[in-house]
Every structure is written in structure tokens, then in C-alpha cells.
Amino acid sequence: MPERAGAAAVVGDPRELAGVAVEELYRRLDCGPDGLREAEAAERLERYGRNTVEERRESPLLKFARFFWGPIAWMIEVAAVLSAIVGHWTDLIVIVVMLLFNALVGFWHEFQASNAVEALKKQLALRARVRRDGSWKPIDATQLVPGDIVRLRLGDIVPADVKLVDGDYLSIDQSALTGESLPVDKAPGDVGFSGSVVRQGEMTGLVAATGGSTFFGRTARLVASAKPESHFQRAILAIGDYLIYLSLGLVAVLVVVELFHGVPFLELAQFALILTVASIPVAMPAVLSVTMAIGATVLARMKAIVARLESIEEMAGMDVLCSDKTGTLTMNELQLGEPVPFAGIDARTVLTAAALASDEANADAIDQAVLDGARAAGADLDPFGRESYVPFDPVRKRSEARVAAEGGATWRVTKGAAQAVLSLVELDERALHQVQAKVGELAHHGFRTLAVARAVDQEPWQLLGLLALSDPPRPDSAETIAQAQAHGIEVKMVTGDNVAIGKQIATELGLGSGLLPAEHLFEPGHPEGETGAWVERADGFAEVFPEHKYRIVKALQGRDHIVGMTGDGVNDAPALKQADVGVAVSGATDAARSAADVVLTAPGLSVIVRAVEEARRIFERMTSYAIYRITETIRIIFFVTLAMIAFQAYPITAIMVILLALLNDLPILTIAFDRTRLADRPVRWDMRRVLTVATALGLMGVIETFTLLALARAYLPLDAAQLQTLIYLKLAVAGHLTLFVARTRHPFLARPFPAPALLGAVLGTQAVAVLIVGLGIFVAAIPWWTVGLVWIYCLVFVFVEDALKLAVYRTLDQTGPGHRSFLGRLQERLHGHARVD
């Protein structure tokens with residue numbers, strides 16, 4: 001076979017495709033309207049490459065080098081230089097080890113997080129419907145090659161640059177590529193660019209360019225879908241800044257006082273730098289990103305793929321979930337009831353017209369139910385030839401076909417929502433009342449009603465009859481809703497069906513019958529606050545159009561709710577983007593999946609509830625880490641400053657500070673795997689609670705350590721170097737015991753117990769700390785009986801700390817969020833955005 005030109009050689013510029021005739025393009029690509037054979041597609045994939053825009057990847061060596069550049073790294077490096085200048089060679093070696101350790105930990109965590117995100121991206125890969133070997137089949141869009149024939153329909157993201165070859169109508173939103181604010185109407189011969197979104201219609205197209213050869217690939221103008229920084233990110237950054245300010249302030253006081261007492265400047269500068277580095281939460285970004293990434297991997301196994309890691313925090317705080325009815329609360333397995341003909345029309349005619357207004361290739365549940373029902377009734381569709389077809393879309397709420405009937409007549413047939421079809425026909429008041437009464441009667445029994453109409457030649461539309469469709473609730477929906485309500489989540493049903501159908505299903509599922517018609521809810525003239533109150537009180541919403549979903553989300557957010565919204569269609573995208581947690585349900589369109597924070601790969605509401613439970617566990621781990629990190633900073637920086645001022649001596653050496661930082665950070669890396677209690681209510685970041693608990697534990701730690709130092713100086717036969725070793729061991733032991741206290745707001749010995757990974761890491765680092773002080777590695781050795789004494793002292797005080805923690809939580813629960821601690825007010829002054837209640 002002769003070598004063909006690559007995709008980029010078909011035309012010089014993708015925009016020139018419009019000027020190339022379809023037949024000429026078939027010739028250049030050596031293909032035809034029936035598409036390619038699988039063997040030929042495989043050969044072209046090998047030649048042209050995958051249909052992806054390759055990202056520029058940074059060298060792992062450069063990534064690793066970045067961890068030696070920045071304020072924290074500079075401080076450690078300056079401390080190393082000062083150690084060399086003053087001749088503290090042991091300090092120099094350990095500082096260099098600390099620098100390498102921080103770089104390795106940061107690099108490894110970033111590597112793990114990026115791998116987890118890449119795995120999630122693969123699961124969110126776009127799909128395309130392609131014609132190969134004479135039949136239509138779904139494939140990953142990355143497998144498309146020039147010459148493939150693809151089918152484009154409502155909600156699809158155009159997977160490659162295509163020349164439209166067949167179909168009546170397509171409306172494409174290409175604003176992300178060209179800046180055009182309105183969708184563009186397309187016809188055969190026009191071009192659809194990769195990355196644009198199909199808003200209406202359906203057509204087939206010939207793939208002309210893939211990957212980097214597409215207009216999208218050449219311009220590299222990506223769709224902006226980023227959301228604002230999450231509450232959790234803002235709070236974590238605020239905590240980090242708070243600890244930095246606190247550490248720098250106390251170190252500055254320490255330096256001034258000690259210089260006044262005549263301590264050598266270089267020695268003091270080295271110690272101050274090391275103390276500052278040890279107090280600053282260097283590992284906080286790494287712990288945050290890895291905990292989120294590992295949590296996202298767990299959620300993916302639960303069939304909930306996280307598209308935006310920060311949405312895990314929003315999911316943990318979600319207190320209202322607006323759920324689609326069809327496919328989420330119900331089975332989405334439609335069963336066709338007996339047709340209801342009108343005006344002397346027989347049932348078979350109604351079914352025939354409805355089947356002609358359906359398309360089997362769409363794999364739509366309603367179309368399939370209608371076609372199956374028509375065949376079962378013996379309807380004969382062979383004599384009809386379709387001339388055009390406009391598929392259902394959420395705005396028109398009906399599908400329409402133009403067919404050639406026997407005898408040369410032309411039929412226009414339509415099926416869709418009763419209110420949409422009734423707007424086409426002319427009925428007298430009595431007939432209209434009869435139809436509406438029948439629709440209401442069917443709805444009362446839980447049937448979704450479609451109206452069917454026909455127009456012959458140039459005659460006006462004639463109503464043929466009604467079709468009753470039932471979609472039974474999923475077997476687990478009622479139980480899952482009860483679980484969600486027990487978790488403090490209010491579930492509101494959102495449906496396009498009328499109020500009667502919605503009430504019937506809502507009552508069966510235990511959601512309440514207070515459904516409101518969305519159209520009346522958002523009528524002009526209603527005060528915004530009044531509408532918000534109605535939305536908040538409603539049990540659900542019926543007769544919902546896509547634009548109503550967006551307004552429902554906005555109204556609930558205006559009432560201080562964290563809102564989840566499910567959706568599956570292209571017109572749901574604005575609501576999914578606006579929601580705090582946008583959920584694309586199983587089978588959603590590409591456009592909905594791209595706009596969502598979470599994409600479900602299994603049907604039903606139970607997936608969302610399980611995801612919320614896991615999100616709350618992840619949130620608890622991060623809260624525990626924040627409390628622990630603040631506690632340790634206060635414990636070390638306050639103690640060292642006070643001890644140096646009080647006793648005019650270093651309570652611990654620089655190398656001990658470094659060892660503390662290293663050994664304290666090792667177990668915290670495993671907190672992403674820790675076991676936590678499941679909160680029974682939505683959880684939000686509460687700076688007041690975190691700062692108050694951490695400050696109480698930190699100050700208690702200062703008192704413990706200061707008391708031990710005073711007692712040891714007075715009563716233990718230890719020299720100055722051994723006293724420093726004693727205090728180092730106390731800080732190492734008490735720090736990890738405090739981690740067990742901080743990880744739960746309940747008694748620290750209560751279930752759930754720490755995960756084996758966390759417990760093993762703590763025991764391992766404690767064994768290292770004991771060997772260091774007992775054998776005198778880097779420090780002055782102390783007798784083994786003093787090692788035991790320190791452990792007994794710390795074990796006694798861990799119960800004191802736990803009692804203090806429980807008392808603080810009880811006080812906070814009694815005072816409520818309206819009372820703010822001094823630290824809470826201080827934090828708000830430092831960062832106006834830090835308090836997120």
C-alpha cells in the first residue's frame with residue numbers, strides 16, 4: 001500500500017477544510033461514507049498517532065531541583081552555610097540530610113498526586129461513536145484517525161476536526177475556540193472543530209484532522225473550567241500564614257533578647273533559622289495534595305470519579321442535593337403502557353407515528369421503548385422513507401421527523417412532552433380539557449405522558465393520541481434517600497415531568513409531596529429573597545427546564561447552603577458549573593461530564609451518598625492534621641523562646657530541632673490512610689474550633705515541657721547537654737502522642753483506632769528517638785532509667801491533654817459559632833478570608 005500523507009497534510013490549515021469538497025476530502029483521505037476497516041484504522045493510528053494534544057512534561061530532574069529553590073529551602077541552605085562557618089560539622093551534615101529529606105518527600109508526594117490525577121483523567125476520557133467495518137460502535141476518542149466517520153449529537157464534544165457530510169441540522173458552541181458568543185448553525189459541507197460542543201441537532205462527519213493537527217491542537221486554547229479556590233484551600237493557606245507570622249514574631253523576640261545577653265550572632269542566627277524552618281508547616285501542601293489524591297482514588301473505586309480534587313471538601317459540607325429523577329432516583333427502564341388514541345385514530349397509527357419520530361441509532365431510552373412497543377403492536381415502518389429528522393432537545397421538548405408515506409404523501413410526525421405538542425395543534429376548549437384531564441389522570445398514577453401528532457402535506461397538525469410511559473423507582477432509592485437525610489443532606493427532586501408525576505414518585509421515595517412548578521417559581525416580579533425561601537422550603541421541583549436548574553442552585557447558595565446538583569445533558573452544564581458539587585450522572589453527555597466536579601460511572605443515588613461519606617472522612621483527616629501542626633508549632637516555638645529567656649541557655653540544640661522536624665513529619669505522611677469517624681452532619685471548615693483546640697493543646701504542651709525542664713534542673717543528676725537530650729526526647733514522644741489526641745474529637749482511646757500505617761510509622765520513629773538518646777547518636781546520651789521516666793511522664797500527660805481537649809470541645813459546642821476566641825479574631829484580622837463557618 002503506498003504511503004499516504006499525514007493528517008496535517010490533508011489541508012495546510014484546519015480552517016481551510018470548509019473550502020474542500022466532501023468528495024475531494026474522501027479522495028485525499030482514501031476513504032468513503034462507510035468509514036474505515038478496523039485493520040486500516042489500526043494502521044492509520046500507528047502512522048498519525050493518538051488523537052490527543054500532547055502536554056509538555058517537565059523533566060523529573062528539574063521537578064526535583066525545584067524543591068531546592070524557594071523561601072523555605074533558602075532558609076535551610078543559609079543555616080547550612082552558617083553551620084559550616086561556625087564549624088558545627090555535625091549540624092551541617094544533619095541540615096543537608098533535612099534539606100534532601102524535604103525535597104524527596106515533596107517530590108514523592110507530587111509524583112503520587114500527579115499519578116492519581118492522571119489515572120482519573122483516563123477514566124474521564126471522551127468517547128466517540130464511529131462507523132467501522134460497516135457498523136456503528138463506541139470507542140475512546142483518542143483512537144480516532146483521519147478517514148473515520150463519526151456521529152455527532154446533542155451534548156457531544158466534537159472529538160476531532162470533522163467535515164460534516166450527512167444530516168439536516170447541527171448547532172455547535174465553539175466559543176472556547178473562536179470567541180463567538182452564540183452557537184453556530186452548521187449544514188453538510190461545514191466544519192466542526194475539535195473541542196466545540198453540540199447544542200442541538202445531529203449529523204455525521206468525516207474526521208479530517210486529529211491531535212496536534214486540529215485547530216484546537218494548533219491554537220492550544222483550552223476551555224477555562226477552573227473554579228475559585230475552595231474554602232478548604234483558603235483555610236489551609238491561612239493556617240500556614242498564621243504559623244509563619246507566629247514563628248517569625250517569636251524568633252525575632254528571641255534574637256533581640258539573646259543578642260542583648262551577648263550570645264554570638266552567627267550561632268544565634270543559625271539556631272534561629274533552624275527553629276523557624278522547624279516551626280513552619282513545610283509538609284502542609286504535600287500532605288494536602290496527597291490526601292486529596294488518595295481520597296480521589298478511593299472515590300473512583302466507588303464509581304465516583306473526581307474531576308476537581310478540591311470538590312472533595314465541598315462534598316463533605318454539602319447539605320442540599322438536587323437530584324434528577326430519571327435514571328438517578330428511577331430505573332430509567334421505560335415501560336410503554338396502552339396508547340390513548342383521540343378523534344377516531346387507532347392505537348397502531350399512534351404507535352406508528354411515534355416510532356417514525358424516533359431514532360434507534362441514538363440509543364435513547366424513550367425512543368427504544370416506543371420502537372419496541374410499535375413492533376410488538378405490529379406497526380409496519382418499512383413503507384416510510386425518512387427525509388429529515390430533528391432529535392429531542394431539552395428546550396423544544398419534542399422530536400420531529402419528515403417522512404415519505406405511501407401514495408406520495410409527506411408526513412411530519414412529532415412526539416414529546418404533552419405541553420410542547422399541544423402547543424402545535426388547534427383544539428377547542430372541550431377537547432383540550434379532555435386531553436389535559438387524561439394527562440393528569442395518568443400522571444396521578446405515576447405515568448409520564450407523551451403526546452403524538454401528525455401533519456399530512458400542508459395540513460395543520462393533528463393530535464393522534466397519548467403514550468403512557470412508566471419508569472419505576474430504583475429498589476435502593478428510598479433507603480438511600482433515608483441514609484442521605486440521616487447524614488444531614490436534604491434531597492430535593494428535580495424533574496421535567498409535571499407536578500402530579502413528580503408528587504407520585506416523591507411520595508413513594510419518602511421525599512414529601514411539596515413539589516413546586518419551576519416556571520411559576522421564577523416568574524418575573526417575585527422578590528429574590530421570597531423566591532429563595534420558597535426554593536429552600538420546597539421538597540422538589542417539577543416541569544424544570546435546564547435554565548431553572550441554574551437558578552435553583554443560585555437561590556439555595558444565596559440561603560447559605562452548599563449545594564450539589566446532578567445532571568446529564570448539555571444544557572445542564574451551567575447548573576453543574578455553578579453548583580458547589582456538580583455531579584454528572586452515569587450516561588451523561590460529554591459536555592455535562594466536562595462541566596461537573598464528580599462523574600458517576602454507576603447509576604443511582606447510592607454512589608453519591610457513599611462518596612459524601614468518604615469525603616467527610618478525608619475532611620476529618622485534614623482537620624486532624626491542621627490541629628496537630630498548629631499544636632506542635634506553638635509547643636516548640638513558645639517553649640524554646642520562654643526557656644531561653646528564663647534560663648539563659650539553649651533548652652535543645654540546633655541538631656535536635658532538625659531531628660524533631662524530621663521524625664515528626666514522617667508519621668504525618670501516613671495520615672492520608674488513617675481511620676476516622678464518619679460525621680453525621682455536613683462538615684465545614686471552622687477556623688475558630690481548630691485554632692482554639694490547637695492553642696489549648698499547644699499551651700498545655702508548653703506547660704508540660706517547662707515543668708519537666710524545671711524539675712529536671714532541680715532534681716535529676718544530669719549535666720546541661722543531658723538536660724537538652726531529655727527535653728528533646730520529651731518533645732519527640734509528646735508530639736506523636738498529641739497526634740493521637742488531635743486525630744479525634746472523642747477520647748483518644750475510643751474507636752476507630754489509628755490505621756496500621758500511622759501506628760507503625762509512630763512506633764518506628766519513637767524507636768529511633770529512643771535509640772538516639774540512649775546510645776548518644778548526635779546528642780549526649782542519657783541513662784535508660786531517665787528514658788523510661790520521660791515516657792511515664794508523657795503517658796500521664798497525654799490523658800491530661802485528652803481531658804483538656806474534650807473540655808474545650810464541650811465549651812465550643814455550648815458557646816456555638818457566634819462566640820469567637822481571641823485567636824479566631826486575630827486570624828480574621830490577619831486574613832479576612834480565613835474564617836469560613
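Arg386 is placed over the face of Tyr389, 4.4 Å from the centre of the ring. A second arginine, Arg454, is set over the face of Trp411, at 4.6 Å from the ring centre. These details belong to a predicted model, and they serve here as an entry to the structure.

Trp411 also takes part in a pairing of rings. The protein holds 4 aromatic pairs. In one of them, the rings of Phe384 and Trp411 have centres 5.0 Å apart and planes at 45 degrees; the pair is tilted because this angle falls between the limits of 30 degrees for stacked and 60 degrees for edge-to-face. The pair joins distant parts of the chain, its members being 27 residues apart: Phe384 belongs to the loop between helix H14 (365-376) and strand E12 (385-390), while Trp411 belongs to strand E14 (residues 410-417). Phe384 has a relative accessibility of 18% and therefore counts as buried. Trp411 is likewise counted as buried, because its relative accessibility is 15%.

Strand E14 also contains Thr414. With a relative accessibility of 0%, Thr414 counts as buried. Its surroundings can be described in some detail. The side chain of Thr414 reaches the backbone oxygen of Ser399 at a distance of 2.7 Å. Leaving aside residues up to four places away in sequence, Thr414 touches Ala357, Arg398, Ser399, Glu400, Val421, Leu424, Ala451, Val452, Ala453 and Trp461.

The protein as a whole may now be considered. Its secondary structure amounts to 30 helices and 22 strands. Of the 837 residues in the protein, 55% are buried. Among contacts with a separation of 6 or more, 74% are between residues 24 or more positions apart.

A pair of helices further along the chain shows how such elements can be arranged. Helix H27 (residues 720-742) packs with helix H28 (residues 756-775) at an angle of about 175 degrees, and their axes are 10 Å apart. The two helices are roughly antiparallel, because the angle is over 145 degrees. On the H27 side, the residues that meet H28 are Thr725, Tyr728, Leu729, Ala732, Val733, His736, Leu739 and Phe740. Their counterparts in H28 are Leu758, Leu759, Val762, Thr765, Gln766, Ala769, Ile772 and Val773. The loop between H27 and H28 contains Pro752. This proline is joined to Arg751 by a cis peptide bond, with omega at about 0 degrees.

Two aspartates also deserve attention for their backbone angles. Asp30 is not a glycine, yet it has a positive phi of about 55 degrees. Asp30 is located in the loop between helix H1 (22-29) and helix H2 (38-48). Its relative accessibility is 42%, so Asp30 counts as partly exposed. Asp133, also a residue other than glycine, has a positive phi near 55 degrees. The position of Asp133 is in the loop between strand E1 (127-132) and strand E2 (135-140). Asp133 is counted as partly exposed because its relative accessibility is 45%.

The last residue to be considered is Leu100, which lies in helix H5 (residues 89-123). A relative accessibility of 39% is the reason why Leu100 counts as partly exposed. Although Leu100 and Phe68 are 32 residues apart in sequence, their C-alpha atoms are 8.4 Å apart in space.

Conventions
Residues are numbered from 1 along each chain as its sequence is written. This is a predicted model: local features need pLDDT of at least 70, side-chain atom pairs count only at pLDDT 80 or more; totals for chains, interfaces and linings use all residues. Side-chain values use heavy atoms; hydrogens and water are left out. Helices (H or I, at least four residues) and strands (E, at least two) are DSSP runs, numbered from the N terminus. Buried means under 20% relative accessible area, exposed over 50%, partly exposed in between (1.4 Å probe, protein chains only). Rings of Phe, Tyr and Trp (its six-membered ring) pair if their centres lie within 6.5 Å; planes under 30 degrees apart count as stacked, over 60 as edge-to-face and the rest as tilted. A charge sits over a ring if NZ of Lys or CZ of Arg is within 6 Å of the ring centre and within 35 degrees of the ring normal. A polar contact is a pair of N or O atoms within 3.5 Å; within protein, one must be able to donate a hydrogen and the other to accept it, and residues adjacent in sequence count only if both atoms are side-chain atoms. Contact means heavy atoms within 4.5 Å. Axes are lines fitted to C-alpha atoms, for helices over the stretch in contact, and angles run from 0 to 180 degrees between N-to-C directions. Angles under 35 degrees count as roughly parallel, over 145 as roughly antiparallel, 65 to 115 as roughly perpendicular and the rest as oblique.
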